[in-house]
Amino acid sequence: TSFRLLAGVRGDINDQWSYDLYGLHAQTNNQGSYNNDLNINRIVNALDIVEDPDTGEWVCRSSDAGCVPWNIFTPGAVTQEAIDYMTTVAVSYGKTQTQVVNATFTGDFEDYGWAFSSANEGIQVAIGSEYRKEHLSRQPDEVYLNGAAAGFGGPVPLVDGEFNVKELFIEALVPVIQDAPFAQDLSLELGYRYSDYSTSGAANTYKVMGSWAPTSSFSFRGGINRAIRSANIFELFRPQGFGLGGSEDICAGPNPTATLEECRNTGVTDAQYGNVPFNPAGQYNTLGGGNPDLSPEVADTLTFGLVITPTGLPGFSATIDYYDIQIEDEIDSFAYNDILTTCARTGDEALCSLIHRGPTGDLWYSYQLGGGYVETTQQNVGQRFAEGVDLSLAYLFGLGNAGYLNTVLTGTYVLANRSANPLRDYDCVGYFGFQCGQPSSDWRHRAQFAWETNFNAVFALTWRYVGAAENDDYSPDEDLRNEGNYDMWEASASDKVDGFDYLDLAASYNFTDSIQFSLGVINLTDKEPPMWPDLQDDQYVNTYATYDPLGRYIYTSLRFTF
């Protein structure tokens, strides 16, 4: 159950200043129940049977009320009473909440004389502050808290976490030269924001942008930007719990596949080597969830580009922009197998500290004793690099008495999508799969052709394109390539995905200036998304983040403005 309340007011203070004030409260409540599992403690009670000295019948040794023996040795001997005694239900209640208060004031300093003599306009500013608070809670019942259900990997703890951030910001648009030879417009765009997070402390972000239009037909623009992304409420406080996220222990069994030196890196002692218990089920414990000690991600962006608006071709415009983004302290989590094997191979301290072996060196049965698991919680694990070119073309031309045709093409050509951390360093442009996750096509675009009629109606056709990609096991990069999986991918048609084209139709009609009717069809040809097996390793790979998972979708709306 969710709801959202938003209220605000905006207006002018005087001829120079205006204001925009608003507040937001959004909340989602969740209740879930996990049915038809068996209670571990009651299983033990029902199997621990003794003979009643008075009646000679087999009864539970435990004095737990309602305990009924569970006879697993005789076919057909399991009774409904025994099932009812052992069956359990786990219930949990959860809530997420966001609260925001924002105040922004914008001003034009031209009347105050704050302007360059070489410019026609004054300096314009926006000044404001914001307070945001986010809260996440989960209240599990006794079954969840104690990990009493046999189907669970471990206990699920109670969570009640929140953080807040207080911010002050200022932005300024500074015209330097206007209407001069070789400088139709030369302007600066400056910005600064101070943020104080209750979890990670203070942070400073900024931007310095500039634009130069030698003539009215074209202009250059570019700049630098420092941004941060503090961990969100789920990355910080998502409940930590034990699960079965590992498939092997390379140091287990009488003949480990890893050497003694490699196993020492993972926490195995010399005496334990060759004697670490092996799990015949191939299931090993992980401790996953949020991490309240995360630091913010920090990104530095460089961008520059060209804007073309030729006076000889009215209605036409084009932009091309290059971007280079570098992110430090990326927030992510490592997979069990990657942590174990890379720690063994390299001895990397950051990875090896995530391995917590039990008293016998195990990683699968002694987590209740403080060991026997690998930590896969969120961490500040590495770097990410993105590089590419954004392109936009637009042309509006008249159709006489029929109105106008507005055409827009917006696309992105990706040059780099690189991830680097103690486990790997590879570029995912053109790939998808175990390591790269969602397809990272080198080219995507969105083209729209809209007929703006002279009888209050608009008809639009949109063409969405997602470029082709290949399974990352086929990459020449040794950190990605895995020739041993070729037969599997080709048998399941998961070795590559072709480019995808989607067509959307939309129409709207304005009955009056305040009443608008809309009708549209998304994915007109009902194109199905690609079907892949569960590509789970470093990444979960599904199709909903890249492709249309719903098929043809018809919508309509009636909008009132007052």
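**Exercise 1. Is Cys263 buried or exposed, and what is its relative accessible area?**

Work it out, then do the same for its bonded partner and place the pair in the fold. Keep in mind that this is a predicted model.

*Step 1.* Start with the cut-off: buried means under 20% relative accessible area. Cys263 has a relative accessible area of 0%, so it's buried.

*Step 2.* Now find the partner. Cys251 and Cys263 form a disulfide, with 2.1 Å between their sulfur atoms. Cys251 is also at 0% relative accessible area, so it counts as buried too.

*Step 3.* Check the handedness. The torsion about the S-S bond of Cys251 and Cys263 is about -105 degrees, so this disulfide is left-handed.

*Step 4.* Ask what the link ties together. Cys251 sits in the loop between strand 11 (241-246) and helix 5 (260-265), while Cys263 is in helix 5, so the pair connects parts that are 12 residues apart in sequence.

**Exercise 2. How many disulfides does a search of the whole structure find, and which pattern do they follow?**

Then go through the links Cys60-Cys67 and Cys343-Cys352.

*Step 1.* The search turns up 4 disulfides. Count the bonded cysteines along the chain and the pattern reads 1-2, 3-4, 5-6, 7-8.

*Step 2.* Take Cys60 and Cys67. Their S to S distance is 2.1 Å, and the angle about the S-S bond is -80 degrees, making the link left-handed. Cys60 has a relative accessible area of 11%, so it's buried. Cys67, at 16%, is buried as well.

*Step 3.* Now Cys343 and Cys352, again a disulfide with S to S 2.1 Å. Here the torsion about the S-S bond is about 110 degrees, so the link is right-handed. Cys343 is buried at 0% relative accessible area, and Cys352 counts as buried at 14%.

**Exercise 3. Which residues have the most contacts inside the largest nonpolar core?**

Say where the core comes from, and look at what surrounds Phe334.

*Step 1.* The largest nonpolar core holds 22 residues, and Phe334, Ile355 and Leu363 have the most contacts inside it.

*Step 2.* Two elements give two or more residues each: helix 6 (336-346) and helix 7 (349-352). Helix 6 supplies the largest share, with 5 residues.

*Step 3.* Zoom in on Phe334. Leaving out residues up to four places away in sequence, Phe334 touches Ile339, Leu351, Leu354, Thr376, Val381, Asn421, Pro422 and Leu423.

*Step 4.* Don't stop at one core. There's a second, separate one of 11 residues, and Leu136, Val159, Tyr197 and Ile331 are among them.

**Exercise 4. How do strand 1 and strand 2 run, and how many bridges join them?**

Follow the pairing on to strand 5, then compare with the sheet that holds strand 20.

*Step 1.* Strand 1 (residues 2-12) and strand 2 (residues 17-38) run antiparallel and are joined by 11 bridges. A hairpin of 4 residues connects them. For a concrete pair to click on, Val9 has Leu21 in strand 2 as its bridge partner.

*Step 2.* Strand 2 also pairs with strand 5 (residues 87-108), antiparallel, over 20 bridges. One such pair is Thr28 with Thr96 in strand 5.

*Step 3.* Now the other sheet. It's open, has 3 strands in the order 20-23-24, and its pairing is mixed. Strand 20 (431-432) and strand 24 (496-497) are the edges, each pairing on one side only.

*Step 4.* Within that sheet, strand 20 and strand 23 (residues 469-471) run parallel and share 2 bridges. Tyr431 has Glu470 in strand 23 as its bridge partner.

**Exercise 5. What radius of gyration does the protein have, and what would a compact globule of 562 residues have?**

Finish with the overall numbers.

*Step 1.* The protein comes in at 31 Å, whereas a compact globule of 562 residues would be near 24 Å.

*Step 2.* Set that beside the extents: the C-alpha trace spans about 105 × 55 × 50 Å along its principal axes.

*Step 3.* Tally the secondary structure and you get 8 helices and 29 strands.

*Step 4.* For burial, 40% of the 562 residues are buried. The accessible surface is about 30400 Å², and carbon and sulfur atoms own 54% of it.

*Step 5.* Last, contact range. Of the contacts between residues at least 6 apart in sequence, 67% join residues at least 24 apart.

Notes. Residues are numbered from 1 along each chain as its sequence is written. This is a predicted model: local features need pLDDT of at least 70, side-chain atom pairs count only at pLDDT 80 or more; totals for chains, interfaces and linings use all residues. Side-chain values use heavy atoms; hydrogens and water are left out. A nonpolar core is a set of buried Ala, Val, Leu, Ile, Met, Phe, Trp, Tyr and Cys residues joined through side-chain atoms within 4.5 Å. Buried means under 20% relative accessible area, exposed over 50%, partly exposed in between (1.4 Å probe, protein chains only). Contact means heavy atoms within 4.5 Å. A disulfide is a pair of cysteine sulfur atoms within 2.5 Å. The radius of gyration is taken over C-alpha atoms; the globule rule is 2.2 Å times the number of residues to the power 0.38. Accessible areas come from the Shrake-Rupley method with a 1.4 Å probe; for residues, only the protein chains shown count as cover. Two strands pair if DSSP finds at least two bridges between them.
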